Amino acid sequence: MAHSLDIQSIQSVLRESNVDGWLFFDHHARDPLAYRILRFAPSQMSTRRWYYLVPAEGEPQKLCHRIESHMLDDVPGLLTLYSGWKEQEHQLAQMLGGAKRVAMQYSPRCKIPAVSMVDGGTVELIRSLGVEVASSANLIQLFEATLTEQQYHSHLEAGKRADKLRRAAFDRIAAALAAGRTIGEIDVKEFILAAFVREDLVTDHGPIVAVNENASDPHYEPTQASSRPIRPGDVVLIDMWAKLRHPGAVYYDITWTGYCGRTAPPEIAATFDVVAGARDAAIRVVQDAIEEQRAICGFEVDDAARAHIAGRGLSEYFVHRTGHSIGEDVHGAGANMDNFETHDERQIVPNSCFSIEPGVYLPSYGIRSEVNMFVRAGSAQVTGEVQERMLLLETP
């Protein structure tokens with residue numbers, strides 16, 4: 001993330017990964033990962049194909065079109081130019097000469113869509129040159145999904161501000177209900193967005209403020225047209241994510257759920273307990289593995305949460321992965337906690353951040369509980385407040 005390009009570090013990792021090089025490719029800025037990992041912004045429009053090979057040994061090599069010959073000026077290496085497609089393929093073959101296996105932003109069967117940036121035709125082209133294409137998914141984690149100390153602290157600070165605003169949002173709902181005032185999903189959403197501005201936080205979209213069956217749609221967002229009033233007896237879910245307003249800042253992403261009344265009905269309270277139990281099971285499996293210095297993959301974390309919900313007979317109502325990588329983008333490029341939407345075999349690496357957010361989505365209401373975790377070499381921690389019980393938004 002906030003690293004300068006360090007060719008020697010990349011080459012060291014390549015040698016450990018049993019690949020001959022990492023081949024970056026782009027056309028029309030389709031692969032934002034390439035620019036972030038290589039730490040440069042194009043000096044001109046990218047309308048022609050470029051290639052950049054970091055070999056496990058030796059000097060990096062650049063291949064650019066003659067009319068965009070300065071595209072890769074900001075990265076080190078030997079430059080070769082091409083014009084026509086035949087020359088391009090010839091020069092690419094020369095660049096890859098001797099390589100048997102290179103990593104690219106490719107995922108077999110698109111198992112990990114977040115890193116599957118290279119088109120199938122380009123993969124075919126590289127293979128036609130006698131070179132095997134391996135996935136760069138685990139390499140990307142080391143250079144894109146690990147946080148510096150500064151980024152870690154930006155995440156913590158965003159969490160402090162967001163947790164305060166989350167409390168204020170639920171208090172606002174409770175106060176309106178107690179006073180008999182009308183308040184709707186959109187009113188709470190706009191309150192949170194205005195508070196983000198005051199707290200110098202930014203977000204890419206959202207937040208989610210959802211009542212009853214709207215909370216059963218994991219990606220529901222209220223609009224002026226769809227907004228529902230919040231009334232006594234309602235379940236209210238708030239999912240909010242934001243980061244500090246400065247370069248390199250890292251997101252904080254949470255979900256809390258409340259009930260508009262002094263006592264939640266037993267079924268709703270029990271559903272919350274199931275969700276919280278799944279969340280805690282996922283947290284424990286991460287913490288145990290890290291403390292024991294045992295490798296753990298994203299799919300194993302999802303298995304732990306999903307098994308808890310399945311054991312309570314609610315598996316059909318848990319319809320998404322358990323968590324996602326968090327970085328400068330709210331959905332980062334590291335390992336996801338997923339064995340449902342994908343089978344994520346990437347290991348959780350030190351200095352990475354991710355969400356744990358199981359949910360149960362019944363026809364009349366949905367409940368989700370989301371926390372963030374940060375992993376170091378020997379420890380794993382939840383980075384913000386944890387909802388231990390259903391919030392009760394007392395009404396008259």
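This briefing covers salt bridges, backbone features, the nonpolar core and cysteines. The model is predicted. It holds 22 salt bridges and 0 disulfides. Its largest nonpolar core has 34 residues. One peptide bond described below, from glycine 206 to proline 207, is cis.

**Salt bridges between separate parts of the chain**

- Glutamate 57 and arginine 15 meet through their side chains in a salt bridge, at 3.7 Å from N to O.
- This pair links distant parts of the chain, with the two positions 42 residues apart in sequence numbering. Glutamate 57 sits in the loop between strand S2 (50-55) and strand S3 (61-65). Arginine 15 belongs to helix H1 (residues 7-16).
- Glutamate 57 is exposed, at a relative accessible area of 57%. Arginine 15 is partly exposed, at 42%.
- Glutamate 394 pairs with arginine 262 in another salt bridge. Their closest N and O atoms are 4.0 Å apart.
- Glutamate 394 lies in the segment after strand S17 (391-392), and arginine 262 lies in the loop between strand S10 (252-259) and helix H8 (266-291), so this salt bridge ties together parts that are 132 residues apart in sequence.
- Glutamate 394 has 48% relative accessibility and counts as partly exposed. Arginine 262 has 55% and counts as exposed.

**A salt bridge within helix H6, and a network**

- Salt bridges with shared partners join Asp163, Arg166, Arg167 and Glu385 into one network.
- Within this network, aspartate 163 forms a salt bridge with arginine 166. The closest N and O atoms of the pair are 3.2 Å apart.
- Both residues lie in helix H6 (residues 149-179). They are 3 residues apart, about one turn of the helix.
- Aspartate 163 and arginine 166 are both buried.

**Helix H6 and a long-range approach**

- Helix H6 also contains glutamate 157.
- Glutamate 157 is partly exposed, with a relative accessible area of 26%.
- Glutamate 157 and glycine 384 are 227 residues apart in sequence. In space, their C-alpha atoms are 9.8 Å apart.

**Backbone features**

- Most residues other than glycine have a negative phi, and most peptide bonds are trans. The following residues depart from that pattern.
- The peptide bond from glycine 206 to proline 207 is cis, with omega near 0°. Proline 207 is in the loop between strand S7 (201-202) and strand S8 (208-211).
- Asparagine 18 has a positive phi, near 60°. This residue lies in the loop between H1 and strand S1 (21-26). Asparagine 18 counts as exposed, at 61% relative accessibility.
- Histidine 28 also has a positive phi, about 60°, although it is not a glycine. This residue is in the loop between S1 and helix H2 (32-38). Histidine 28 counts as partly exposed, at 46% relative accessibility.

**Largest nonpolar core**

- The core residues with the most contacts inside it are Val286, Val301, Ile348, Phe354 and Ile356.
- Four elements give two or more residues each: H8, helix H9 (298-310), strand S12 (352-356) and strand S15 (371-375).
- H8 gives the most, with 11 residues.
- Isoleucine 348 touches Val286, Ile296, Val301, Met337, Phe354 and Val375. Residues up to four places away in sequence are not counted in that list.

**Cysteines**

- A disulfide is a covalent bond between the sulfur atoms of two cysteines. The count for this model is 0.
- Cysteine 297 shows why no bond forms at its position: the closest cysteine sulfur, in cysteine 353, is 18 Å from its own sulfur, too far for a bond. The cut-off is 2.5 Å between sulfur atoms.
- Cysteine 297 counts as buried, at 14% relative accessibility.
- Cysteine 64 counts as buried as well, at 1% relative accessibility.

Conventions: Residues numbered from 1 in each chain as written. Predicted model: local features only at pLDDT ≥ 70, side-chain atom pairs only at ≥ 80, totals over all residues. Heavy atoms only, no water. Buried < 20%, exposed > 50% of the residue type's maximum accessible area, 1.4 Å probe, protein only. Core = buried A, V, L, I, M, F, W, Y, C linked by side-chain atoms within 4.5 Å. Contact = heavy atoms within 4.5 Å.
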